[in-house]
Amino acid sequence: MLTGIMVLLVVFSNAAGDVYITRGMKKIGDVSAVSPLDFLNTAKRILSNRDFLLGVFCLAMSFFSFLAVLSWADLSFVVPATSIVYVVTVVGAKFILKEEINRMRWAGTMLVCLGVALVCIP
Amino acid sequence: MKTALVISVAVIAQAVGNTLLSKAMKGIASLPSHSDGFSLLMLVHAMQDPLIWAGTFLLLVFFACFLSALSWADLSFVLPATASGYILNVFFANHFLGEPVAMSRWLGSVLIVGGVALVAWSGRPDRAVAAEPAPAAHEGAGTGEAKC
């Protein structure tokens with residue numbers, strides 16, 4: 001039960017991190033520094049972006065949750081089980097970032113779900 | 001050739017990194033001072049373990065190789081190619097950590113790789129015309145550990 005909760009924490013914090021960072025980078029716009037000054041300005045814009053910082057925080061939480069669950073659960077279970085992040089991120093991209101998802105992408109995410117279900121069979 | 005080399009390094013670094021992290025965390029959990037189960041102190045302890053740093057470094061190598069490959073190769077190729085690491089992770093867990101792996105877990109890992117390949121393929125420019133509606137630029141899934 002605890003393992004399941006921790007895997008979900010890894011997955012949701014990872015997906016939230018991806019979505020926040022994507023939203024932050026889209027707000028920042030094209031990153032193409034050509035001079036050291038451009039680079040510094042871009043770094044300043046990125047590091048002062050709230051969505052980007054929230055994303056980094058979520059990814060750090062995901063990493064520490066991953067470390068925690070590895071202290072008792074099998075790696076051969078945890079790594080494939082956390083791949084459900086592909087599904088959560090696609091759902092997040094659709095409903096939060098309002099991206100369009102085609103049928104083939106949904107089919108792929110369903111295949112990932114099926115694979116995770118097989119991995120989770122005791 | 002360059003793409004194959006960088007992706008191979010990425011996949012191997014991720015699998016070895018995850019294996020080191022798992023070995024280190026199980027070692028910490030088996031210490032008498034942590035016999036009561038998981039606590040936040042274990043994470044503090046983990047920050048002093050060289051295996052954790054080595055594993056984290058390898059995950060950074062994976063991320064750097066992944067980003068480098070994306071700078072010249074298609075995401076629709078790089079994503080499924082690195083997803084093959086799921087199978088390598090299961091193999092390393094079985095071979096180096098001695099974890100028992102049932103046939104259903106192997107099959108599940110193969111299906112996950114197939115699913116990731118389909119997700120990536122759906123983003124190909126030629127599919128964007130055929131598929132409805134236009135595919136989204138989904139690039140976020142899967143950082144180091146679960147993704148990495």
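This passage describes the helices of chain B, the contact between chains A and B, and the surroundings of one glycine in a predicted model.

Chain B is built from seven helices and has zero strands. Read from the N terminus, its elements follow the order α-α-α-α-α-α-α. Of the 148 residues in chain B, 41% are buried. Contacts that link distant parts of the sequence are also present: among the contacts in chain B between residues at least 6 apart in sequence, 71% join residues at least 24 apart.

One helix pair in chain B is formed by α1 (residues 2–29) and α3 (residues 50–72), whose axes lie 8 Å apart and make an angle of about 155°. Angles over 145 degrees count as roughly antiparallel, and α1(B) and α3(B) are therefore roughly antiparallel to each other. The crossing of these two helices, α1(B) and α3(B), is left-handed. Sorted by class, the residues in the contact of α1(B) with α3(B) comprise 19 nonpolar, six polar and one charged.

Helix α6 of chain B covers residues 103–121. At 1.5 Å a residue, its 19 residues should span 27 Å, and the C-alpha atoms at its ends are 27 Å apart, so the expected span and the model agree. Several positions of α6(B) are buried, including R105(B), G108(B), S109(B), L111(B) and I112(B). Further along α6(B), the buried residues include V113(B), G115(B), V116(B), V119(B) and A120(B).

The contact between the two chains takes 45 residues from chain A and 49 residues from chain B. On the side of chain A that touches chain B, two or more residues each come from α1 (2–28), α3 (50–70), α4 (75–81), α5 (85–95) and α6 (103–120) of chain A. The element that gives the most to this side is α6(A), with 13 residues. By class, the side of chain A that touches chain B holds 28 nonpolar, eleven polar and six charged residues.

Within chain A, G24(A) is located in helix α1. A residue counts as buried if 20 or more other C-beta atoms lie within 10 Å of its own, and as exposed if 12 or fewer do. G24(A) has 19 other C-beta atoms within 10 Å and is therefore partly exposed. Leaving aside residues up to four places away in sequence, G24(A) touches N49(A), D51(A), F52(A) and G55(A). G24(A) and I96(A) are separated by 72 residues in sequence, while their C-alpha atoms are 13 Å apart in space.

Terms used: Residues numbered from 1 in each chain as written. Chains lettered and ligands numbered in written order. Predicted model: local features only at pLDDT ≥ 70, side-chain atom pairs only at ≥ 80, totals over all residues. Axes fitted to C-alpha atoms, helices over the stretch in contact; angles between N-to-C directions. Helix = DSSP H or I, 4+ residues; strand = E, 2+ residues; numbered from the N terminus. Parallel < 35°, antiparallel > 145°, perpendicular 65-115°, else oblique. Left-handed = near helix turned anticlockwise from the far one by under 90°. Nonpolar A, V, L, I, M, F, W, Y, C, P; charged D, E, K, R; others polar. Contact = placed C-beta atoms within 7 Å. Expected span 1.5 Å × (residues − 1).
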